[in-house]
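Here's a quick briefing to read alongside the model. Have the sequence and the 3D view open, and we'll go from the chains to the interface and then to a few single residues.

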Amino acid sequence: MEFLINIAEIILTTIFDVLPIVVILFVFQALVIRKKPARLKTIMIGFVYVLVGLSLFLIGLDEALFPLGKLMAQQLTDPGFLGIEKGEDVHWGDYLWVYAFAAAIGFSATIAEPSLIAVSIKAQEVSGGAMKAFELRIAVAIGVAIGVAIGTFRIVTGTPLPYYIMAGYIVVIIQTFLASKMIIPLAYDSGGVTTSTVTVPVVAALGLGLASTIPGRSPLIDGFGLIAFASVFPIVSVLGYDMASTWLRRRDKPDSKEEAQWTSK
Amino acid sequence: MDQGLEMGLFPIGEAMAQAMAKKESRTVLLRFAFALGFGTTVAEPALIAVTAEAAKIAGAAGAIVDTTEAKGSYAFWLRITVALSVGSALVLGVFRILVGWPIQYFIIGGYILVIVITGFAPEEIVGIAYDSGGVTTSTITVPLVTALGVGLASTIKGRNPMLDGFGLIAFASLTPMIFVMIFGMLA
């Protein structure tokens with residue numbers, strides 16, 4: 001019974017959460033565009049799906065994804081599992097499984113991310129096939145994997161988050177001057193695109209779980225930040241991917257123009 | 001949910017982005033960009049989850065009063081702050097598409113701003129602020145915003161969809177960091 005009340009509550013909250021966008025879209029449709037949208041009935045049914053889906057998603061998040069991420073983090077940092085004595089000082093090398101798990105979960109969650117799939121398909125379409133959708137997804141997933149792994153290393157060592165992010169920014173700025181002009185907006189976008197429905201809850205729960213189990217870490221200061229890593233490192237990896245492919249092309253055909261792949265469209 | 005997006009949100013969002021792009025009035029377009037950013041972000045499930053979690057931890061750590069009411073209001077205002085910042089980001093991003101300036105000046109400028117504000121923000125908010133950048137842009141926002149950017153850049157003369165169409169998400173992941181840190185300084 002309590003579970004049903006819980007569901008009803010979440011559905012009600014969801015209605016209030018989705019309401020603003022529905023209002024915005026319909027107000028602009030009615031006042032600015034002034035056209036009755038085609039297939040209005042399908043659109044209305046679609047909104048019902050959004051409501052139901054969103055509610056179920058939020059319940060699933062509470063009941064499964066958050067606890068699962070925390071549980072995995074707890075088990076991987078358990079002193080018994082790591083073979084260290086309680087009260088001993090933390091050494092970053094004891095947590096190798098945590099980094100491996102973080103990288104694996106970062107990579108696989110990103111590959112499955114629906115919004116990344118949507119954007120990479122759009123990028124392939126817009127670039128006239130010069131940018132391969134699948135290669136972009138792999139590049140982004142590698143970036144997220146490295147980012148989340150370094151992020152868990154930061155939680156283990158308790159070093160300040162801003163230093164890492166600033167270092168990431170500096171690398172991005174240097175790469176911006178070296179990479180092809182055409183890739184830059186897409187690379188910048190890939191940072192925000194990656195961290196979505198699947199990745200955010202799992203990664204956030206992993207961070208909070210780690211920060212609460214590792215001795216001397218505060219969930220508030222150390223628990224957050226993994227998503228920030230996952231949004232900066234894909235920029236580095238996508239720009240890096242572009243630089244590597246440009247370099248390979250130049251090596252094969254020394255006289256080809258730098259932006260040749262983009263202008264071929 | 002995905003099917004619902006495809007049937008309900010995608011067609012209406014994309015058609016409107018295209019209709020807007022053809023409109024002459026820049027004010028209407030910028031207003032639409034703000035409303036779109038604000039509306040999609042307020043409804044973002046990942047953001048709802050993370051702000052609730054942030055409030056729980058802020059309450060437990062004594063950063064705010066540990067009552068359901070105080071935590072609810074903290075999470076709510078955090079969400080509003082992030083939604084406002086995404087609205088502003090889309091205004092700035094759409095403006096950039098209209099004038100055709102290179103994105104890197106904006107983003108590098110934003111990075112510098114983030115670094116400077118980090119120096120003044122309370123330590124507890126920095127992690128949440130940095131995370132909020134990535135959290136905002138997900139299932140509802142990304143398809144709508146990408147459609148808007150590419151649609152605009154393809155419609156406006158002299159703009160390249162690859163060079164000018166992408167980049168709105170980058171703005172939307174940068175401004176929340178700045179806004180949330182300021183939220184932390186004021187709250």
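What follows is a short tour of a predicted model, grouped by topic. Both chains are helical: chain A has 12 helices and zero strands, and chain B has nine helices and zero strands. The two meet over an interface that buries about 6,100 Å².

**Chain A overall**

- Reading along the sequence of chain A, you just get helix after helix: α-α-α-α-α-α-α-α-α-α-α-α.
- Chain A has 265 residues, and 48% of them count as buried.
- Take the contacts in chain A with a sequence separation of 6 or more: 77% of those are between residues 24 or more positions apart.
- Helix α8 of chain A, residues 184–194, is mostly covered, with 11 of its 11 residues buried.
- The buried residues of α8(A) include I184(A), P185(A) and L186(A), and also D189(A), a run of S190(A), G191(A) and G192(A), and finally T194(A).

**Chain B overall**

- Chain B follows the pattern α-α-α-α-α-α-α-α-α along its sequence.
- Of its 187 residues, 61% count as buried in chain B.
- For chain B, contacts between residues at least 6 apart in sequence join residues at least 24 apart in 79% of cases.
- Helix α3(B) has 16 residues, and 13 of them are buried, so this helix is largely enclosed by the rest of the structure.
- The length of α3(B) checks out too: at 1.5 Å a residue its 16 residues should span 22 Å, and the end C-alpha atoms sit 23 Å apart, which agrees.

**Where the chains meet**

- Chain B puts 71 residues into the contact, and chain A puts in 66 residues.
- Carbon and sulfur atoms give 80% of the area buried between chain B and chain A.
- How many salt bridges cross the interface of chain B and chain A? The rule finds zero.
- Polar contacts do turn up, with six residue pairs counted between chain B and chain A, both partners at pLDDT 80 or more.
- On the chain B side, the helices that each supply at least two residues are α1 (2–22), α2 (26–42), α3 (45–60), α5 (103–118), α6 (123–136), α7 (141–155), α8 (161–165) and α9 (168–186).
- Which helix gives the most to the side of chain B that touches chain A? That's α1(B), with 12 residues.
- Sorted by class, the side of chain B that touches chain A has 47 nonpolar, 16 polar and eight charged residues.

**Two threonines to look at**

- T110(A) is in helix α4 of chain A, which covers residues 96–111.
- Is T110(A) buried or exposed? Its relative accessibility is 0%, so T110(A) counts as buried.
- A polar atom of the T110(A) side chain lies 2.6 Å from the backbone oxygen of G106(A).
- Setting aside neighbours within four places in sequence, T110(A) is in contact with L116(A), V140(A), A141(A), V144(A), T194(A) and T199(A). One of these, T194(A), is also among the buried residues of α8(A).
- Over in chain B, T175(B) is in helix α9.
- With 12% relative accessibility, T175(B) counts as buried, the cut-off being under 20%.
- The side chain of T175(B) has a polar atom 2.9 Å from the backbone oxygen of S85(B).
- Not counting residues up to four places away in sequence, T175(B) touches S85(B), V86(B) and A89(B).

**Two loop residues**

- I214(A) is in the loop between α9 (199–213) and α10 (219–223) of chain A.
- Despite that loop position, I214(A) counts as buried, at 2% relative accessibility.
- I214(A) and T77(A) are 137 residues apart in sequence, and their C-alpha atoms are 6.7 Å apart in space.
- A43(B) is in the loop between α2 and α3 of chain B.
- A43(B) counts as buried as well, at 0% relative accessibility.
- The C-alpha atoms of A43(B) and S154(B) are separated by 28 Å, with the two residues 111 apart along the chain.

Key: Residues numbered from 1 in each chain as written. Chains lettered and ligands numbered in written order. Predicted model: local features only at pLDDT ≥ 70, side-chain atom pairs only at ≥ 80, totals over all residues. Heavy atoms only, no water. Contact = heavy atoms within 4.5 Å. Buried area = accessible area lost by both parts, 1.4 Å probe. Salt bridge = Lys/Arg side-chain N within 4 Å of Asp/Glu carboxyl O. Polar contact = N/O pair within 3.5 Å; in protein donor to acceptor, adjacent residues only side chain to side chain. Helix = DSSP H or I, 4+ residues; strand = E, 2+ residues; numbered from the N terminus. Nonpolar A, V, L, I, M, F, W, Y, C, P; charged D, E, K, R; others polar. Expected span 1.5 Å × (residues − 1). Buried < 20%, exposed > 50% of the residue type's maximum accessible area, 1.4 Å probe, protein only.
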